[in-house]
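Hi there,

Here is the structure I promised to hand over. Please open it alongside this message, and then read on for what turned up in it.

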Amino acid sequence: MELMRRSWAIVWKDLLIEARTKQAFNAMVFFAALVLFIFSFALGPDTELLREVSGGLLWVGIAFTGILSLNRTYQSEETSGGIEGLRVYPGDPRAIFLGKLFGNIIVLLAVEAVLFPAAAVLFQIEMLPHVGELAVVALLGTIGFSIVGTFYAALTVNLRAREVMLPLLLFPALVPMLLGAVNATTLILVGDPMQDSDIWIRLLIAFDVIFFVISTWIFPIALEE
Amino acid sequence: MAVRSVYGRATGTSPGSVAGLREEVITSAPTIGPAVELQDFSKRFGWNRVLRGIDLRVERGTTLALVGPNGAGKTTLLKCLVTLLHPSGGGGTVCGYDLREETDQIRERVGLVTVRGYIYDDLSAEENLRFTARMCGLEVSAEGYRAALARVGLERVADQRVRTFSTGMRKRVVLAQLRLRPLELALLDEPYAGLDLQGMSLVDEFVREFRAAGTTVIIASHQAGEATRSAEQTLVLREGRLEPMDHDAAARSHLSAQDIGAERA
């Protein structure tokens, strides 16, 4: 209970600051739109091809955009003395991880709420009939991405080359999640009469659960000096 | 961990009263032992030995001035005392709890004010206090926050973002933050830096209030005259080693610790 209260205090603080500065959100939306535009121009007007690769394009966009958010996860603490400003408070340090995790999930989902309709227009794909299934995949993928990302962002926060190190460490670890999210999204968009996307959704659930348990367990060690 | 704030309504005292603080500290305090006890304490970063073989004993309820030139290791020592940094050698206790093993108990009882303070530029003064209270599990009423800010003369700018504040005003927010919860040990790192005379008097007043409430205070500063003014005991930290110092002479002195270091050398 106390853990959750402290986690939400961090979420409240981060979202309040983000709502005022809009630094991360604006940058992420513009970057994501740019990525989709570039893919759209590169692949041309072949709507069949665009529909077949739309799952991959969407998740590449989300992954690249998410890096921007993750890089800011702990850097936003720098004006207040860095991450030690949070460590100085008593209580379970996992509250810091959970607070930052929830914050990242909320911001990334907000960006996806813009990204998915934008992709539907650009790639000329019908998403509305599949909105429920897509929402499930987006939620599970975003949770998985944010769990691993929030953990690695804490590991790299004090490194000089953190902007480079974070994606280098993160993307290999995200392979199962990206595989699941891309395949599930593509199957949903191109038509999935055999319900094959269920297997990939199960993979996403397993990924989220395993990485959540591991990350939450070892976060206090990663946070130490 | 549900702690009633110094400014909580349920303490039965007026907001910001010293009596309220004393009541809280006494009820939460361990019973015996010094506030700080270090034996052969050392800290190194890679090959750089910042603290070397420090033996220190600070009795409860006393005020210690820790003076020394820039880079002497004052901030490192304070961060070790609040368990943000772990010792490389030796050990000790803070408020009766082991520095290596009982970090959470120590953080509950110790407050640290750094030069810049742990405050957020894009939150208002009151929101910063609110965040501190939530992170510490404190129950503070809306009036309590206002009283805390009024105590440091910031009630009129309570809703303004800290980004717009001067250095002195920021320091006042940090002091209000520190005063929000009951403490057994208050660590003040360069508390006089960037403050005008009024601000310095406010720090002195806070130190007196802490002492009256039975809180132990350690003031680390390179300004020997200011730091020793409120203290009963003075120690010099130079090149990672602690040396005793004539407290009365230091209190009378307007020399900076940099000068003291140069004189001794």
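Below are some notes on the helices of chain A, the contact between the chains, and the sheets of chain B.

One thing to keep in mind from the start is that this is a predicted model. For chain A, the average pLDDT is 89, and 100% of the residues score at least 70. Within that chain, confidence is highest in helix α6 (residues 131-156) of chain A, with a mean of 94, and lowest in α4(A), with a mean of 86.

**Helix packing in chain A**

A good place to begin is helix α5 (residues 94-122) of chain A, which packs against helix α8 (residues 197-223) of chain A with the axes 8 Å apart and an angle of about 115 degrees. Angles of 65 to 115 degrees count as roughly perpendicular, so that is the description that applies to α5(A) and α8(A). The crossing of these two helices is right-handed. On the α5(A) side, the contact is made by Arg94(A), Ile96(A) and Phe97(A), while α8(A) brings Ser215(A), Thr216(A), Phe219(A), Pro220(A) and Leu223(A). By class, the residues of this contact are five nonpolar, two polar and one charged.

Helix α5(A) also packs with helix α2 (residues 23-43) of chain A, here at an angle of about 25 degrees and with the axes 10 Å apart. An angle under 35 degrees counts as roughly parallel, and α2(A) and α5(A) are therefore described that way. This crossing is right-handed too. From α2(A), the residues in the contact are Ala24(A), Phe25(A), Met28(A), Val29(A), Ala32(A), Ala33(A), Leu36(A) and Ser40(A). They meet Val107(A), Ala110(A), Val111(A), Val114(A), Leu115(A), Ala118(A), Ala119(A) and Leu122(A) of α5(A). What classes do the residues of this contact divide into? There are 15 nonpolar residues, one polar and no charged.

**Where chain A meets chain B**

The contact between the chains takes 20 residues from chain A and 23 residues from chain B. On the chain A side, the elements that give two or more residues are α1 (2-21) and α4 (84-87) of chain A. The largest share comes from α1(A), with nine residues. The chain A side that touches chain B has eight charged, six polar and six nonpolar residues.

**The four-stranded sheet of chain B**

Over in chain B, four strands make an open, antiparallel sheet in the order β3-β2-β5-β6. Its edge strands are β3 (48-58) and β6 (97-98) of chain B, each of which pairs on one side only. Strand β2 (residues 36-45) of chain B pairs with β3(B) over seven bridges and with strand β5 (residues 89-94) of chain B over five. Glu37(B) is a handy residue to follow across the strands: it stands opposite Arg57(B) in β3(B) and opposite Thr93(B) in β5(B). Thr93(B) in turn has Asp98(B) as its bridge partner in β6(B). Strands β5(B) and β6(B) run antiparallel and are joined by two bridges. Their hairpin has two residues between the strands, and Cys95(B) takes a positive phi near 55 degrees there.

**The six-stranded sheet of chain B**

Another open sheet in chain B has six strands in the order β7-β9-β10-β4-β11-β12, with mixed pairing. Strands β7 (110-113) and β12 of chain B stand at the edges with a single partner strand each, so one side of each has no neighbour in the sheet. From one strand to the next, the twist averages 20 degrees.

At one edge, β7(B) pairs in the parallel sense with strand β9 (residues 185-189) of chain B, over four bridges. Val110(B) has Leu185(B) as its bridge partner in β9(B). Helix α2 (residues 74-81) of chain B packs on the sheet and touches β4 (63-67), β7, β9, β10 (216-221) and β11 of chain B. The direction of this helix makes about 155 degrees with that of β9(B).

Strand β11 (residues 233-238) of chain B runs antiparallel to strand β12 (residues 241-244) of chain B, with four bridges joining them. Here Val236(B) stands opposite Glu243(B) in β12(B). The hairpin of β11(B) and β12(B) has two residues between the strands, and Glu239(B) takes a positive phi near 50 degrees.

Happy browsing, and best wishes!

Methods: Residues are numbered from 1 along each chain as its sequence is written. Chains are lettered from A and ligands numbered from 1 in the order in which they are written. This is a predicted model: local features need pLDDT of at least 70, side-chain atom pairs count only at pLDDT 80 or more; totals for chains, interfaces and linings use all residues. Axes are lines fitted to C-alpha atoms, for helices over the stretch in contact, and angles run from 0 to 180 degrees between N-to-C directions. Angles under 35 degrees count as roughly parallel, over 145 as roughly antiparallel, 65 to 115 as roughly perpendicular and the rest as oblique. A crossing is left-handed if the near helix is turned anticlockwise from the far one by less than a right angle, and right-handed if clockwise. Two residues are in contact if their C-beta atoms, placed from the backbone, lie within 7 Å. Ala, Val, Leu, Ile, Met, Phe, Trp, Tyr, Cys and Pro count as nonpolar, Asp, Glu, Lys and Arg as charged, and the others, Gly among them, as polar. Two strands pair if DSSP finds at least two bridges between them. pLDDT is the predictor's confidence in each residue, from 0 to 100.
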